[in-house]
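Biologist: Could you pull up the model and walk me through how the pieces pack? I'd like the reasoning as well as the answers.

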Amino acid sequence: MVSVEIDLTRVKDMDSFHAEFARAMGFPAFYGSNMNAWEDCMSDLSKPGAVGMTKIEVPRGEDLVLVLKGAAGLRERHPAVFASLLNSTAHVNRGKMTIPGSSRLLLLPV
């Protein structure tokens with residue numbers, strides 16, 4: 001299982017949310033900084049041959065744990081940003097249900 005720490009204490013709004021994920025995940029320079037682009041990048045983690053969408057490599061069939069540092073604080077300070085994270089994570093995972101060997105996103109608040 002692969003894990004990546006996301007420092008949600010740095011998140012002040014949607015722009016900083018996208019900046020933190022882009023930093024931690026190594027999203028490409030052309031990353032669109034919106035939730036559709038986030039879902040695209042996070043959906044490509046276990047696709048064979050997907051190049052350039054993230055620096056994180058997740059072996060086929062394994063999951064990615066997003067260790068969410070400061071999750072409770074983000075939920076309190078910016079509930080809409082936190083809800084977007086949950087909703088988009090669920091959307092990515094729903095899309096993976098029919099793809100054998102695809103990686104799920106698991107959220108671990110700390």
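Modeller: Sure, and one term before we start: two strands count as paired if DSSP finds at least two bridges between them. Keep in mind that this is a predicted model.

Biologist: Fine. Which residue is the bridge partner of Ile6 in β2?

Modeller: Strand β1 covers residues 2-7 and runs parallel to β2, with 6 bridges joining them. Within that pairing, the partner of Ile6 is Leu68.

Biologist: And on the β3 side, which residue stands opposite Val67?

Modeller: β2 is also joined to β3 (residues 105-109), again in parallel, through 5 bridges. The β3 residue facing Val67 is Leu108.

Biologist: How many of the 6 residues of β2 are buried?

Modeller: Buried here means under 20% relative accessible area. Strand β2, residues 64-69, is mostly covered, and its buried count is 5.

Biologist: Now the largest nonpolar core: which element gives the most to it?

Modeller: That core has 30 residues, and Phe21, Met25, Trp38, Met42 and Leu64 have the most contacts inside it. Elements supplying at least two residues each include β1, α1, β2 and α4. The top contributor, with 5 residues, is α2.

Biologist: What covers the buried residues of α2?

Modeller: The buried ones are Met35, Ala37, Trp38, Glu39, Cys41 and Met42. Take Met42: beyond its sequence neighbours within four places, its contacts include Met25, Leu64, Val92 and Leu105. For the helix's buried residues, the cover includes α1, β2, α4 and β3.

Biologist: Which residue caps the N-terminal end of α2?

Modeller: Look for a side-chain oxygen 3.0 Å from the backbone nitrogen of Asn36. The residue that provides this oxygen is Asn34.

Biologist: On to charges. Why does the pair of Glu20 and Arg10 tie together parts that are 10 residues apart in sequence?

Modeller: The two form a salt bridge, with their closest N and O atoms 3.4 Å apart. Arg10 sits in the loop between β1 and α1, whereas Glu20 belongs to α1, so the contact links that loop to helix α1.

Biologist: Is Glu20 buried or exposed?

Modeller: Glu20 also forms a salt bridge with Arg23, at 2.6 Å between the closest N and O atoms. Arg23 is partly exposed at 43% relative accessibility. Glu20 has a relative accessible area of 3%, so Glu20 is buried.

Biologist: Last one: which residues are linked in a network of salt bridges?

Modeller: Besides the Glu20 pairs, Arg10 forms a salt bridge with Asp7 at 3.3 Å. The linked set is Asp7, Arg10, Glu20, Arg23 and Lys69.

How values were computed. Residues numbered from 1 in each chain as written. Predicted model: local features only at pLDDT ≥ 70, side-chain atom pairs only at ≥ 80, totals over all residues. Heavy atoms only, no water. Buried < 20%, exposed > 50% of the residue type's maximum accessible area, 1.4 Å probe, protein only. Helix = DSSP H or I, 4+ residues; strand = E, 2+ residues; numbered from the N terminus. Core = buried A, V, L, I, M, F, W, Y, C linked by side-chain atoms within 4.5 Å. Contact = heavy atoms within 4.5 Å. Polar contact = N/O pair within 3.5 Å; in protein donor to acceptor, adjacent residues only side chain to side chain. Salt bridge = Lys/Arg side-chain N within 4 Å of Asp/Glu carboxyl O.
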